[in-house]
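Hello,

Here is the structure I promised to pass on to you. Have a look at it first, and then read on for my notes.

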Amino acid sequence: MAGEVAFSPDDKYNAFLTTCKKAPHGSGKLAGVAIAVKDNISTKGIETTCASKILKGYVPPYDAHVVGLLKAAGAAIVGKTNMDEFGMGTTTENSAFGPTLNPCDTSRVPGGSSGGSAAAVAAGMVRMALGTDTGGSIRCPAAFCGIVGLKPSYGRVSRYGLIAYSNSLEQIGPLGKTVTDVSALMGVIAGYDRHDSTSQDKPCDHTPKAEIKGLKIGIPDEYFGKGVDNQVAAVVKKAIGRLEELGATTVPCSIPSMQYALAAYYVTCTCEASSNLARFDGVRYGPAPDTKKSWHDAYQEVRGLAFGTEVRRRIMLGTFALSSGYYGRYYAKAQVARENVRADFNRIFKDVDVIAGPTMPTIAFRLKEKTDPLSMYLADILTVPANLAGIPSISVPCGKANGMPVGLQIMGRMFEDERVMDVAYAYEQAVV
Amino acid sequence: MVTEHDVQHIAELADVGINKDELGTFTSQFNAILDYFDTLDTVKGNMAAKSELFNVLREDEVEPSLPQDDVLKNAPFKEDGFIKAPRVM
């Protein structure tokens with residue numbers, strides 16, 4: 001231990017679920033840097049709840065691989081951030097411990113599910129934070145709070161110690177105020193880990209470069225079509241115009257599989273959730289089941305009380321979609337759809353280097369504005385394609401609409417995380 | 001179209017425990033979401049054999065792991081180094 005970071009922020013946005021008043025740190029690249037960690041990433045000795053009552057009081061006996069890497073780089077883990085319960089949501093309102101507020105306008109949500117991490121960075125409480133992105137959960141709150149967030153290529157960052165929700169889609173990734181900070185954090189967390197069987201041996205040793213002359217940018221029609229707010233679209237088009245001024249060229253393109261990508265995403269993630277969340281029954285951790293009752297009765301009692309509504313809804317949807325007679329219609333079709341999304345991206349990336357569009361179709365919603373689950377799901381339409389395909393995608397602030405931040409999303413070829421960071425950096429440097 | 005009876009059945013299969021007063025809302029939301037999922041009926045194509053996918057397995061050898069005390073620390077009911085669960089029979 002090289003020192004301690006004192007951390008007692010005035011957390012008026014409810015960004016943190018747990019804070020560490022004196023956070024030890026070591027020496028290294030991130031020596032003494034205060035970093036917030038989303039509460040679904042295991043931290044040895046620090047309560048980790050996934051913002052769920054079912055894990056209230058759970059103290060992991062081990063560190064997630066990425067947390068070990070942060071500590072080895074000298075970072076100080078100063079707290080665990082609020083989120084939608086188990087990552088299931090787009091606003092952070094689904095936390096069992098109250099919503100996080102958007103520091104840009106406290107009557108609005110910060111986005112989700114990594115809303116606490118984004119708010120902590122946007123409010124200046126920490127320089128950087130870790131989030132997780134299953135269908136946009138890093139990029140959405142980054143866009144809504146006006147900061148930078150990267151969803152890495154699937155496999156570049158170990159998921160060991162991440163409390164799983166949808167294994168085939170989710171990645172841990174960095175959030176920060178600048179692309180340089182995001183790149184520095186990515187440099188620490190990326191690389192091979194034998195404890196994650198999907199881990200790739202692709203470390204990230206990169207300093208962002210602003211040179212984008214000759215870069216070809218694909219602009220998909222679907223990212224500026226129905227459901228995308230006109231003002232948001234105008235702000236993002238202007239930002240893309242800026243990239244053209246810097247020497248990039250744009251090419252119109254189309255992702256036809258977008259018409260069913262969101263359905264494929266929700267079928268896949270709910271199916272995986274129904275299996276992953278079966279482990280929460282109060283036996284090994286969480287609220288104690290009544291051991292005198294039969295196991296079905298005891299588990300239903302614990303899970304009915306301790307899981308929130310959205311979590312139970314997704315577990316039930318997944319259970320239904322995987323049940324006998326429906327598997328072929330939902331899960332199997334979703335996997336074909338997912339292949340088609342990948343194929344669309346592969347085809348487009350033969351002609352272009354990156355794809356750009358808005359991160360979110362609107363600015364941040366007002367608190368309690370979205371009450372219907374389906375309309376909430378539809379807000380993820382522009383972020384889920386990158387998760388289905390596994391490709392890297394970054395959101396960088398590109399202006400405001402109605403006084404609220406708008407995010408420019410840049411998606412790249414598989415494992416070209418460095419390139420999407422470079423494009424975001426070029427934009428960021430041009431507008432500062 | 002799923003009925004309240006179907007949703008009740010799914011809730012029991014998944015052990016999620018829903019209340020009677022939640023059943024109507026869950027059912028109507030379920031139907032709206034499943035209607036939206038119908039768009040998957042338009043998906044064309046089959047899963048091609050993905051040759052680049054392979055299993056990642058290791059030999060089943062005992063490796064150092066967490067101490068038993070640490071692993072049991074979060075369990076509410078323990079006995080003689082075991083975790084106590086509700087009865088199955």
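Let me start with where the two chains meet. In this predicted model, 36 residues of chain B are in contact with 47 residues of chain A. On chain B, the side that touches chain A draws at least two residues from each of helix H1 (4-13), helix H2 (20-37) and helix H3 (68-72). Which of these helices gives the largest share? It is H2(B), with six residues. Sorted by residue type, the side of chain B that touches chain A holds 24 nonpolar, seven polar and five charged residues.

As for confidence, the model has an ipTM of 0.95 and a pTM of 0.97. For chain B the average pLDDT is 91, and 96% of its residues score at least 70.

Now to chain B by itself. You will find three helices and two strands in it, and from the N terminus they come in the order α-α-α-β-β. Is chain B compact or spread out? Its radius of gyration is 22 Å, whereas the globule rule gives 12 Å for 89 residues, so chain B is more spread out than a compact globule. Measured out along the principal axes, its C-alpha atoms fill a box of roughly 50 × 50 × 25 Å. Of the 89 residues of chain B, 16% count as buried.

Chain A gives another picture. Its 432 residues would have a radius of gyration near 22 Å as a compact globule, and the 20 Å of chain A agrees with that. Along the principal axes, the C-alpha trace of chain A spans about 70 × 60 × 45 Å. Here 61% of the residues count as buried. If you take the contacts in chain A between residues at least 6 apart in sequence, 74% of them join residues at least 24 apart.

The secondary structure of chain A consists of 12 helices and 13 strands. How many strands form the open sheet? There are 11, in the order S2-S5-S4-S6-S8-S7-S12-S13-S11-S9-S10, with mixed pairing. At the edges are strand S2 (16-19) and strand S10 (249-253) of chain A, each of which pairs on one side only. On average, neighbouring strands of this sheet are turned by 30 degrees against each other, direction ignored.

If you would like to look at one pair of strands in detail, try S9 and S10 of chain A. Strand S9 (residues 216-220) runs parallel to S10(A), and five bridges join the two. One of the residues to look for is Gly218(A), whose bridge partner in S10(A) is Val251(A).

Finally, a residue to visit in chain A is Cys145(A), which sits in helix H3 (residues 139-145) of that chain. Why does Cys145(A) count as buried? The reason is that it has 33 C-beta neighbours inside 10 Å, where 20 or more are enough for a residue to be called buried. Beyond its neighbours within four places in sequence, Cys145(A) is in contact with several residues, among them Asn102(A), Pro103(A), Cys104(A), Ala118(A) and Pro405(A). Between the C-alpha atoms of Cys145(A) and Pro385(A), which lie 240 residues apart along the chain, the separation is 22 Å.

Enjoy exploring!

Best wishes

Notes:
Residues numbered from 1 in each chain as written. Chains lettered and ligands numbered in written order. Predicted model: local features only at pLDDT ≥ 70, side-chain atom pairs only at ≥ 80, totals over all residues. Helix = DSSP H or I, 4+ residues; strand = E, 2+ residues; numbered from the N terminus. Rg over C-alpha atoms; globule rule 2.2 N^0.38 Å. Buried ≥ 20, exposed ≤ 12 C-beta atoms within 10 Å, placed from the backbone. Contact = placed C-beta atoms within 7 Å. pLDDT = per-residue confidence, 0-100. Pairing = 2+ DSSP bridges. Axes fitted to C-alpha atoms, helices over the stretch in contact; angles between N-to-C directions. Nonpolar A, V, L, I, M, F, W, Y, C, P; charged D, E, K, R; others polar.
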